[in-house]
Amino acid sequence: MGTLTLRVADGTKRYGPYEPAVLCGLDLAVGEGEWFALIGPSGSGKSTLLRILAGLDELSDGQVMFPATGAPPRAATVFQQPLLLPWLDVRANITLAERFRANDDLVVDADALLATVGLGELIDADVTRLSGGQAQRVALARALARRPELLLLDEPLGALDPASRADLQDHLRRVRRETALTAVFVTHDVDEALLLGDRVGLLSGGAVARTWDVEGIDRDGLRDHPLRDEVVAAYREDTTAVSDAAEAP
Ligand SMILES: Nc1ncnc2c1ncn2[C@@H]1O[C@H](COP(=O)(O)OP(=O)(O)OP(=O)(O)O)[C@@H](O)[C@H]1O
């Protein structure tokens, strides 16, 4: 872990030969151990980019490269919905990675992972009885169980109430602190991007139009942080431009 870098060079993605490009000449470099938070209006291609980084889809043109390792990394993705298997308990959901990697020496310490996400006492619980926040924490533990080199998070907190969301943000900050993972994190929420990202990027016009370096902003310092107004203004401007274009005759 901790030796992964990724680069997208001149990335273009269209979903059909006559479709407009969703990504267009996109360049992105994410450094070793960096958490890159991607914001952008709805439909700007954030999930598309994440799927491509996960190896679930391909660019139409351009390249995704992993310069430090050469080969595609072991990646784990957490989506907006936890997608747990309802017929398995919490422990079995988390140890799935172990069962499906029979040739690997992967041994999943479900207890330790659950402690990392603050759910130690629920190890044998029925997953259908978990709250949305608890289920999403199990999904995060399940992703970490794969010992990914690259963690991809596609609005993982988007469906949660504000209290569960803040709680899970704290757990993710802990994961960022305590592991050497590289991560790309999609969110609509600028505050969340600033709390969780080492760098925030705005996806606009099919490319990463702007990035901001974030140096250790904590929750208390967030409200009055000058970067917050700057990123919110750029995001708003971009969202307005998109909705104006959509409403144009
Ligand atoms: N499988 C697909 N086939 C065709 N078009 C697609 C497909 N997936 C996404 N698109 C289109 O690509 C564009 C970008 O979608 P994507 O889901 O990547 O955006 P997003 O920024 O993640 O949006 P949101 O914030 O609303 O989740 C949209 O216009 C969408 O309709």
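**A first tour of the model**

Visitor: Which residues are around the ligand?
Guide: Going along the chain, the list begins with Y15 and V22, followed by G40. A residue is near a molecule if its C-beta atom, placed from the backbone, lies within 6 Å of it. Together, the residues around the ligand are Y15, V22, G40, S42, G43, S44, G45, K46, S47 and T48.

Visitor: How are the residues numbered?
Guide: This is a predicted model, where local features need pLDDT of at least 70, side-chain atom pairs count only at pLDDT 80 or more, and totals for chains, interfaces and linings use all residues. Residues are numbered along each chain as its sequence is written, starting from 1.

Visitor: How many polar residues does the shell around the ligand have?
Guide: Ala, Val, Leu, Ile, Met, Phe, Trp, Tyr, Cys and Pro count as nonpolar, Asp, Glu, Lys and Arg as charged, and the others, Gly among them, as polar. In this shell, two residues are nonpolar and one is charged. The number of polar residues is seven.

Visitor: What is the strand order in the sheet of six strands?
Guide: Strands (E, at least two residues) and helices (H or I, at least four) are DSSP runs numbered from the N terminus, and two strands pair if DSSP finds at least two bridges between them. The sheet is open, with mixed pairing, and its edge strands, β5 (75-78) and β9 (207-213), each pair on one side only. The order is β5-β6-β7-β3-β8-β9.

Visitor: Parallel or antiparallel: how do β8 and β9 run?
Guide: Six bridges join this pair, and the bridge partner of L202 in β9 is R210. Two residues lie between the strands of this hairpin, where G205 takes a positive phi near 60°. The strands β8 and β9 run antiparallel.

Visitor: And which residue in β6 stands opposite V78?
Guide: Here β5 meets β6 (residues 150-154) over four bridges, and these strands run parallel. The residue in β6 opposite V78 is L153.

Visitor: Why is one side of β2 and of β4 left without a neighbour in the sheet?
Guide: These strands belong to an open sheet of three, ordered β2-β1-β4, with antiparallel pairing. Both stand at the edges, so each has a single partner strand. Five bridges join β2 (residues 23-30) to β1 (residues 6-13), while four link β1 to β4 (residues 61-65). The reason, then, is that β2 and β4 each have a single partner strand.

Visitor: Which residue in β4 stands opposite A9?
Guide: Two positions show how β1 lines up with β4. T12 stands opposite D61. Opposite A9 is Q63.

Visitor: At about what angle does helix α1 run to β7?
Guide: Axes are lines fitted to C-alpha atoms, for helices over the stretch in contact, and angles run from 0 to 180 degrees between N-to-C directions. Helix α1 (residues 46-53) lies across β3 (35-39), β6, β7 (182-186) and β8 (199-204). Its angle to β7 is about 155°.

Visitor: Roughly how do α5 and α6 lie to each other?
Guide: Helix α5 (residues 132-145) and helix α6 (residues 162-178) pack with their axes 9 Å apart, at an angle of about 20°. Their contact (C-beta atoms, placed from the backbone, within 7 Å) includes G132 and L144 of α5, and S164 and V175 of α6. Angles under 35 degrees count as roughly parallel, over 145 as roughly antiparallel, 65 to 115 as roughly perpendicular and the rest as oblique. So α5 and α6 are roughly parallel.

Key. Contact = placed C-beta atoms within 7 Å.
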